[in-house]
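Student: I am new to this structure and would like a close look at one part of it, the aromatic rings. Could you take me through how they are arranged, step by step?

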Amino acid sequence: MNNEINGKVWTFGDNIDTDLIIAARYWNSSDPEHLAKYVMEDSVITDFALQVKKGDIIVAGENFGCGSSREHAPQALKRWGIKAIIAESYSEIFFGNCVSLGMPCFKTVLPIVILRLGKTPLKDYLVTVAQS
């Protein structure tokens with residue numbers, strides 16, 4: 001059986017830490033709705049939180065979600081409607097928090113190929129996940 005995950009893909013590099021996903025200055029709230037307004041606010045993608053749409057996918061390199069062990073980052077991503085994260089590797093705590101929240105995280109070397117091809121931050125891709 002195949003499950004298909006379709007959506008716009010936002011690409012990020014290696015070592016995207018939780019402070020970049022949701023800046024510590026917003027940790028005074030644990031309300032995912034509030035946090036979602038500030039997702040990736042300090043990233044190189046201007047106004048990411050205004051551009052991202054429910055069902056979008058994040059593709060990144062190594063060590064996605066490194067940094068703080070707080071659940072704020074995966075909560076904000078899930079609340080904003082990020083459908084899945086695909087990365088070469090994850091911080092163990094971030095990965096565990098995503099699993100606890102029901103946020104699909106896939107590990108693959110595919111992101112490195114996409115990133116090295118110089119794709120722009122927003123592209124259409126189809127990701128097919130085979131489930132046995």
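Tutor: This is a predicted model, and a search of the whole structure finds four aromatic pairs in it. A good place to begin is the pair formed by Phe64 and Tyr90, whose ring centres are 6.4 Å apart and whose planes stand at 85 degrees to each other, an edge-to-face arrangement. This pair links distant parts of the chain, since Phe64 belongs to the loop between β2 (57-60) and α4 (72-80), while Tyr90 belongs to the loop between β3 (84-87) and α5 (92-101), 26 residues apart.

Accessibility adds to the picture of these two residues. Phe64 has a relative accessibility of 0% and therefore counts as buried, and Tyr90, with a relative accessible area of 8%, is buried too. Tyr90 also pairs with Phe95: their ring centres lie 5.3 Å apart and their planes meet at 50 degrees, so this pair is tilted. Phe95, for its part, counts as partly exposed because its relative accessibility is 24%, and buried would require a value under 20%.

Taken together, ring pairs join Phe64, Tyr90, Phe94 and Phe95 into a cluster. A charge also comes into contact with this group, as the charged end of Lys107 sits over the ring of Phe95, 4.6 Å from the ring's centre. A further arrangement of this kind involves Trp80, where Lys54 lies over the face of the ring at 5.9 Å from its centre.

Note on methods: Residues are numbered from 1 along each chain as its sequence is written. This is a predicted model: local features need pLDDT of at least 70, side-chain atom pairs count only at pLDDT 80 or more; totals for chains, interfaces and linings use all residues. Side-chain values use heavy atoms; hydrogens and water are left out. Rings of Phe, Tyr and Trp (its six-membered ring) pair if their centres lie within 6.5 Å; planes under 30 degrees apart count as stacked, over 60 as edge-to-face and the rest as tilted. Helices (H or I, at least four residues) and strands (E, at least two) are DSSP runs, numbered from the N terminus. Buried means under 20% relative accessible area, exposed over 50%, partly exposed in between (1.4 Å probe, protein chains only). A charge sits over a ring if NZ of Lys or CZ of Arg is within 6 Å of the ring centre and within 35 degrees of the ring normal.
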